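Let's take a stroll through a protein together. Have the sequence and the 3D view open, and look things up as we go.

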Amino acid sequence: MKTVEIYTDGACSGNPGVGGYCAILIYNGVEKVVSAAEKETTNNRMELLAVIKGLECLKESCNVVLYSDSQYVVDAFNQKWIESWIANGWRTAGKKEVKNIDLWKTLVELTKTHNVTFIKVKGHADNEYNNRCDQIAVSEYKKILENI
């Protein structure tokens, strides 16, 4: 299987508010950028969409090393929250309904297609690709703000 690196980030102006996301895919030194914005969303939804849209770009099953500054996304997989949520009927340990179930279900299906390793990176720090993702995500939502 091919190994692809994906860097992701989501951003919001207000939470909820106007938001944008970005994923940068890297394979054999070639980069592909996917990004967009939504008028009414949350930061967590944008973080999730960045991961989903990045994975959806893959045309075949791949080994994926996915870098995100979202502890919400990374811990859901690395701390096995997803497994607990599913076992509990999409309820948290506190018995509350998991937020963004629609996106989590889509992401779970994508992780069945690809072998994904989630790696947490520090946001707004020294990671070149994370910083680029953030800049692109912000530029996406600014396009909407300019037209309001």
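Accessible areas here come from the Shrake-Rupley method with a 1.4 Å probe. Counted that way, the protein exposes about 7900 Å², and carbon and sulfur atoms supply 47% of that area. Keep in mind that this is a predicted model.

**The big picture**

How many helices and strands does the protein have? There are five helices and five strands, and along the sequence they come in the order β-β-β-α-β-α-α-α-β-α. The radius of gyration is 15 Å, close to the 15 Å that the globule rule gives for 148 residues, so the protein is as compact as a globular protein of that length. If you drew a box around the C-alpha atoms along the principal axes, the box would be roughly 45 × 40 × 30 Å.

What about the inside? Of the 148 residues, 47% count as buried. Take the contacts between residues with a separation of 6 or more: 65% of them are made by residues 24 or more positions apart. As for charges, the protein has 18 positive and 19 negative ones, and the mean positions of the two groups are 5 Å apart.

**Two helices to find**

Now pick out α1 and α5 in the view. Here they are side by side:

| Helix | Residues | Number of residues | End-to-end C-alpha distance | Expected span |
|---|---|---|---|---|
| α1 | 43-56 | 14 residues | 20 Å | 20 Å |
| α5 | 128-146 | 19 residues | 27 Å | 27 Å |

For α1, the reach from the first C-alpha to the last is close to what 1.5 Å a residue would give. The span of α5 agrees with its expected value too.

Which residues of α1 are buried? The list is Met46, Glu47, Leu48, Leu49, Ala50, Val51, Ile52, Gly54 and Leu55. In α5, the buried residues include Tyr129, Cys133, Ile136, Val138, Tyr141 and Ile144, and Asn130, Asp134, Ala137 and Glu140 are also among them. Which strands do the buried residues of α5 pack against? They pack against β1, β2 and β3.

**Stops along the loops**

Start with the loop between β1 (2-14) and β2 (17-27), where you'll find proline 16. The peptide bond that leads from asparagine 15 into proline 16 is cis, with omega near 15°.

Next comes the loop between β2 and β3 (30-41), home to asparagine 28. Its phi is near 50°, a positive value in a residue other than glycine. Is asparagine 28 buried or exposed? Exposed means over 50% relative accessible area, and asparagine 28 has 66% relative accessibility, so it counts as exposed.

Further on, the loop between α3 (81-87) and α4 (101-113) holds tryptophan 90. Tryptophan 90 is another residue other than glycine with a positive phi, near 60°. Buried means under 20% relative accessible area, and tryptophan 90 is buried because its relative accessible area is 12%.

Glycine 94 is found in the loop between α3 and α4 as well. At 55% relative accessibility, glycine 94 counts as exposed. How far apart are the C-alpha atoms of glycine 94 and glycine 20? They are separated by 30 Å, and the two residues are 74 residues apart along the chain.

Key: Residues are numbered from 1 along each chain as its sequence is written. This is a predicted model: local features need pLDDT of at least 70, side-chain atom pairs count only at pLDDT 80 or more; totals for chains, interfaces and linings use all residues. Side-chain values use heavy atoms; hydrogens and water are left out. Helices (H or I, at least four residues) and strands (E, at least two) are DSSP runs, numbered from the N terminus. Buried means under 20% relative accessible area, exposed over 50%, partly exposed in between (1.4 Å probe, protein chains only). The expected span of a helix is 1.5 Å times one less than its number of residues. The radius of gyration is taken over C-alpha atoms; the globule rule is 2.2 Å times the number of residues to the power 0.38. Contact means heavy atoms within 4.5 Å. Lys and Arg count as positive and Asp and Glu as negative; His and the chain ends are not counted. The place of a charge is taken as NZ of Lys, CZ of Arg, CG of Asp or CD of Glu.
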